[in-house]
Amino acid sequence: MEPRSLFKILALALCIRPDQAKTNSLVLQFSAPGDFVIGGLFAFHSKVRYEAQPQIPTCYSFYTRGYQRHLGMHFAIDEINNSTSLLPGIKLGYEIHNTCNNVVVATKPTITFLSKYPSDSGLEAQCNYTNYKPRVIAVVGPDSSELSMVLSRLLNFLSIPEISHASTNDNLSDRELYPSFFRTVPSDKNQAQALVQLLRKFHWNWVAALATDDKYGRQALELFVPLALSKDTCIAYEAILPSAQEKSERREQLVKITSQLVESGIKITVVFAQPNQAEELMAVVVERGITGKVWIASPGQSQSNSIISWEDEQCPECGNLTLANLTSLIYQERFYATFNTYKAIYVIAHALHQLLQCNTTSQKCNADQEVYPWQLLEEIANVNFTVESQPVYFSKTGNPPTGYDLVLWSWNATRVPEFISIGSYDALQRELTVDESKIQWHTRDKKVPTSKCSQDCTAGQKRHLRGEHNCCYQCEDCPPGYFQDKNDPNECAKCFEHQWFLEENRTCQERTIEYLEVTDLLPIVMVALTILALVQMAVVTGIFVKYWSTPAMRYVGSFPTLLIILSSTCLCSSCFFFVIKPTVWVCKFRQPFFFISFTISLATLLGKVVQSFGLDQALKRPLLRRHSLALCVLLNTAIQSLLCVFWYLWDPPSLEEKTNMEKTILLQCQDVSFPGFGLLLAYNYGLSVVCCICSFWGNNSQQAQLKTFKAISFAMVLIIIIWTLFVPTYATSQGKFVSLFQVFAGLASVFAIFGSCYYRVCYIALFVPHMNTDSHFCSQPQDAPMEEDADTAEIK
């Protein structure tokens, strides 16, 4: 909307003399004929007095804002009539009445809207009003929610659409009570949400709330107070602004209210008031010299410059509306209500555009089309267009997507009031944005004023309420190991397991996660020993291959040596799973891998002892006797595997976070629980004991097997000692290095087996070849070649 174009319309409309508006208020109206007439209800006066005889209301005190709004309706209708795009060939008319912001005054013109002709004073009686055409097709206004609630009941009788530019009461959203009501201004529900967000934005939780004694003020409190309390904002003082007839009585009550505000120390006051009551309140505040307060005004009075200006005026009836300042009024933010009136007219025009099947290209409308109010009502609910970059449509409850502008009252050097837009509230997103750089706080430090019953508690402190308001409290330190839970500021919660308590700051700190990894010294030693063990196995394998057919290699046997080398290699490989970051699968895999590999080595040695001692002769079948060693290995491996299955069914290994240390979380595998780990360990220990006993019995056997039994006996004794020492050491130790004890025990067992059984044989094969004979080893070749030489036959 072009402000200069609007200025021309306003200038013409101002030709009416204020004294005429004052003396003849009840019949004051503006009208123009048209194909479709729109009714307008605006308050040109704000006050009413009743004459003694008869009881006829007389309006007085010219109301600038109401007059501005009706000019917005004038301008919109003239703009549409002069346009060929929206309603070509169709002329809109209007009939505007003065409501004086009074129900009695506003009811009479509303009733005349229902009649067919201007001369009629009432509604024509009919059995069916479906095809009844009242004098007006729709009504714009009135200025207050109280009037809208009354007048909407009358207009709804004929389903005449009513579009208000200023009625904000949320009850009007009830479609069962007010099915024909729409508005171009947000409801009080959005207002309450915006105000609460504003208070939270500046951390104001100790506020006062004042409201006028009408439906607007009372419902505003009903919506605002519970919402504020739910967001931890306390309403320390709540009052209804006086509505007494006598000005002296109203002033006396206002003095009491302002005194209470001063005594309570409340710095933030939210005011839900009509302009007149707000003006009287602020007049008392200025008169008493009350400063250091922040006043948050609702949209009802926030855009009225009469609230902040109390100088004597040459024309009290005209307020501040003169030809000299008219242009400045147009450019100010408080002109939004007039723009809402402008949008309401365009809503009606767009609905008529659809009903009349208007064509923008041909610039024609179906002028013969009959349009009834109920048809227009249905079409208004579906309008969707944009005006001045603002979307215009209605929800199912008749509410627009319109939000609010946050306006700051300011005074320049000449004490002329200015309105500065510093933010906005998006009703669709329910989000408030504020440009704090535009705000100049009038405090000593030029910072945001504070309004709290109690200062915020520091970290590690909880609130102890000391009154009926949840904003008044004392701060108490939480006990050691506890922190202040933001979800419940009145209680202390224990630090989580992944946190540790810092006494100096009284806060919970995140623990560092630790696990066994190669960067530490002991794991480096373990890896080095594991690599050494793997190297020794590679060397033994190479020697075994090179000297395959020599007596030394036949002495140790090809099949047992191969099994021991493979199983020991697997055992050493499993050690690397102890020095990587634990996962669920690592925890489930490493212990069975370790113990089954160790079982194969022990079972191989046991089978060799049994075979050499002749115990395999107890087996009746020759096939079993020939493969007794393999049978021993398979049988023991199967038993150990079944124990692993039992472990996984009973209490399988898992990944755990140990928090018994102060500042760290130890990430490790929980894979040593009883009975699983104990059974696997006990079974291998038992194999070692049985093998040791059998090898000692074999010491009394023939000379041929004596050295074999001694080597195995020595290895088993070492293994028994190693694992006997392991159990108490492992059980009494803590920390991330504990699992390395098992690794070191396993590596020591590998070195014991190879050192006892293979080092001497490999040494003879490499460095003392003349001793690499069957006579030296005093044994029958265990894996005799297919063809024997003469020396071997002679020894036999």
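Ile90 sits in the loop between H3 and E5. Is Ile90 buried or exposed in this predicted model? Its relative accessibility is 6%, and since anything under 20% counts as buried, Ile90 is buried. Which residues does Ile90 touch, if we skip those up to four places away in sequence? The list is Asp35, Phe36, Asn81, Leu356, Cys365 and Ala367. One more distance helps you place the loop: the C-alpha atom of Ile90 is 9.2 Å from that of Ile80, a residue ten places away along the chain.

**Zooming out**

Let's step back to the whole chain. The protein chain has 796 residues, and 48% of them count as buried. Along the chain you'll find 25 helices and 26 strands. Now take the contacts whose partners have a separation of 6 or more: 68% of these are between residues 24 or more positions apart.

**H3 and its partner H12**

Ile80, which we just met, is also part of a helix contact, listed among the H3 residues that meet H12. Helix H3 covers residues 64-81 and helix H12 covers residues 336-355. Their axes are 8 Å apart, and the helices pack at an angle of about 35°. The crossing of H3 and H12 is right-handed. On the H3 side, the contact is made by Gln68, Arg69, Gly72, Met73, Phe75, Ala76, Ile77, Glu79 and Ile80. H12 brings Ala337, Thr338, Thr341, Tyr342, Ile345, Tyr346 and Ala349. What kinds of residues make up this contact of H3 with H12? Ten are nonpolar, four are polar and two are charged.

**H6 and H7**

Another pair to look at is helix H6 (residues 188-201) with helix H7 (residues 215-230). Here the axes are 9 Å apart and the packing angle is about 45°. That angle is why H6 and H7 are called oblique to each other. The crossing of H6 and H7 is right-handed. H6 takes part through Asp188, Lys189, Gln191, Ala192, Gln193, Leu195, Val196 and Leu199. From H7 come Tyr216, Gln219, Ala220, Leu223, Phe224, Leu227 and Ala228. Sorted by class, the contact of H6 with H7 has ten nonpolar, three polar and two charged residues.

**The disulfides**

Time for some chemistry. A disulfide is a covalent bond between the sulfur atoms of two cysteines. How many disulfides does the count come to here? The count is six. Here are three pairs to compare by eye:

| Pair | S to S distance | Torsion about the S-S bond |
|---|---|---|
| Cys59 and Cys100 | 1.8 Å | 105°, right-handed |
| Cys358 and Cys365 | 1.9 Å | 115°, right-handed |
| Cys478 and Cys492 | 1.9 Å | about -80°, left-handed |

Start with Cys59 and Cys100, a pair that links distant parts of the chain, 41 residues apart. Cys59 belongs to strand E4 (residues 57-62), while Cys100 is in the loop between strand E5 (92-98) and helix H4 (103-113). Cys59 counts as buried because its relative accessibility is 1%. Cys100 is buried too, with a relative accessible area of 1%.

Next come Cys358 and Cys365. Cys365 is one of the residues that Ile90 touches, so here we are back at our starting point. Cys358 has 11% relative accessibility and therefore counts as buried. For Cys365 the relative accessible area is 17%, which means Cys365 is buried as well.

Then there are Cys478 and Cys492, and both of them are buried. Why is the link of Cys478 and Cys492 called left-handed? Because the torsion about its S-S bond is about -80°. Cys478 lies in the loop between strand E19 (473-477) and strand E20 (482-484), and Cys492 is in strand E21 (residues 492-494), so the disulfide ties together parts 14 residues apart in sequence.

**Cysteines without a bond**Some cysteines have no such link. Cys691 is in no disulfide, and the nearest cysteine sulfur, in Cys694, is 7.0 Å away. Cys691 is buried, with a relative accessible area of 0%. Cys692 is in no disulfide either: the nearest cysteine sulfur, that of Cys691, is 7.6 Å away. With a relative accessibility of 8%, Cys692 counts as buried. For a disulfide, the two sulfur atoms have to be within 2.5 Å.

Conventions: Residues are numbered from 1 along each chain as its sequence is written. This is a predicted model: local features need pLDDT of at least 70, side-chain atom pairs count only at pLDDT 80 or more; totals for chains, interfaces and linings use all residues. Side-chain values use heavy atoms; hydrogens and water are left out. Axes are lines fitted to C-alpha atoms, for helices over the stretch in contact, and angles run from 0 to 180 degrees between N-to-C directions. Helices (H or I, at least four residues) and strands (E, at least two) are DSSP runs, numbered from the N terminus. Angles under 35 degrees count as roughly parallel, over 145 as roughly antiparallel, 65 to 115 as roughly perpendicular and the rest as oblique. A crossing is left-handed if the near helix is turned anticlockwise from the far one by less than a right angle, and right-handed if clockwise. Contact means heavy atoms within 4.5 Å. Ala, Val, Leu, Ile, Met, Phe, Trp, Tyr, Cys and Pro count as nonpolar, Asp, Glu, Lys and Arg as charged, and the others, Gly among them, as polar. Buried means under 20% relative accessible area, exposed over 50%, partly exposed in between (1.4 Å probe, protein chains only).
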